[in-house]
Amino acid sequence: MRHSPAPTPSQTVGPFYGYALPFPRGGEVAPDGHADTITLHGYVFDGAGQPVPDALIETWQPAPDGSRTGAPGSLRHDPVTGRVIGRDGVAFTGFGRVPTDADGHWTVRTLPPGGVSYISIAVFARGLLHHLYTRAYLVDKPGDALLGSLDAERRSTLIARSETARTYRFDIRLQGADETVFLEFG
Amino acid sequence: MTTTTQSQHPPLPRPRPLPDGLDQRAIDAEADRAQSAATPGNHPPRDYPPYRSSHFRHPEQPLIPVRDPEAVELSGPAFGVTDVTALDRDLTRQHQGEPLGERITVSGRVLDREGRPVRGQLVELWQANASGRYAHQLDQHPAPLDPNFTGFGRCLTDDSGAYSFTTIKPGAYPWRNHVNAWRPAHLHFSLFGTAFTQRLVTQMYFPGDPLFPYDPVLRSVTDESARQRLVCAYDHDLSVPEWSLGHRWDIVLDGPSATLFEEGEQH
């Protein structure tokens, strides 16, 4: 039997990640001006119903062709100043990262994921000792194993609400009556 | 101090007492209670009363297990040489001048639960300066900002899973969890593995810090051996002559990998 090392424990992201983790165009996952661009946005709320202004949202998804390998280039540097300038506006990396604003609001512009109907989300925040996973389903897919395992009320927390043809609203509630379904893998 | 300095810099605000006056003794008692009630685990519980910000920010419903070998989360974002430059790992070279403080090298390996190196993956680091202040406008701790230190770096792991940073040892700082709350010196780490499920944000501490027993963020890891895994080791072989003191900290990423599913071990 192979030696299995014990994992390094998680710790909170804290309130001061702001000059470190967010980067320019972090939420602009879709190539510039792409005709299929969708907007996924929402608020993060705590158990008192207050917006969470110091949360960080990361998204991960397949490319429209179903590829799950992603691509480097989310954090490109300016070669002169060394500053991070973000994406080149052409490549699709599959990865998004956005802080919530003072209202607890976040926005990601991306392309529809290929082969699945959801975008995977990780939530970090001050006060959250271990990040949380959830999924924003763009459609309530009847045959989906995860959705099928939940009762209607809880399932609805995973379904993004279509606001316009290409805009989806997905609020994340960390606690309380409408608490978002959070996921555990393995 | 000259009068010029005084006129340019109004008196710094003094910390205000917390409204409810919750003191270290009360927090310690809560931490002791949490410790004896804890179930063994590698990660902290999300509900941890001594860390008061967790109160409204932890889910009350159990997490829903996903056992889908096709789950998107078993793949992960990719980063490469376009995302990281050679200078990003040296936090002491990001400005014109030298930052203040004790220069340190922090190195280690990133491994998965099988002990295999996690290669070519992104490691991000952020921290307070030597005085215990972050270059963040919301950090109003009355300690000096260092114009030559931002406190943020990135690197990719190499073929052996190794990462390395050159930086400054951060200072301890107060935070308003309770009266007289001080964080031990720590570095924040963000890590990616080969799967989104291996994502980790954590903190590295320095050995022998007298603040350990008073810090509810560190104590939230209730298992003693797990807590020790957050503390680096001084490593003289990593010290660079005439330059920096060396610290070793290995990181093990949790979470299933796609390989585990393929091997049928986790179904």
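Me: What is the order of the strands in the open sheet of four strands in chain B?
Reply: In this predicted model, where local features need pLDDT of at least 70 and side-chain atom pairs count only at pLDDT 80 or more, the order is β4-β3-β8-β9, with antiparallel pairing. Residues are numbered from 1 along each chain as its sequence is written, chains are lettered from A in the order in which they are written, and side-chain values use heavy atoms, without hydrogens and water. Strands here are DSSP runs of E with at least two residues, numbered from the N terminus.

Me: Why do β4 and β9 of chain B stand at the edges?
Reply: Each has a single partner strand, so one side of each is left without a neighbour in the sheet.

Me: What makes β3(B) and β4(B) a pair?
Reply: Two strands pair if DSSP finds at least two bridges between them, and β3(B) and β4(B) have five bridges, in the antiparallel sense. For B:V123, the bridge partner in β4(B) is B:C155.

Me: Why is B:C155 called buried?
Reply: Buried means under 20% relative accessible area, exposed over 50% and partly exposed in between, with a 1.4 Å probe and protein chains only; B:C155 has 0% relative accessibility, and therefore counts as buried. B:C232, at 3%, counts as buried too.

Me: Why is there no bond between the sulfur of B:C155 and that of B:C232?
Reply: A disulfide is a pair of cysteine sulfur atoms within 2.5 Å, whereas the closest cysteine sulfur to that of B:C155, in B:C232, is 16 Å away, which is too far for a bond. Over all chains, a search of the whole structure finds zero disulfides.
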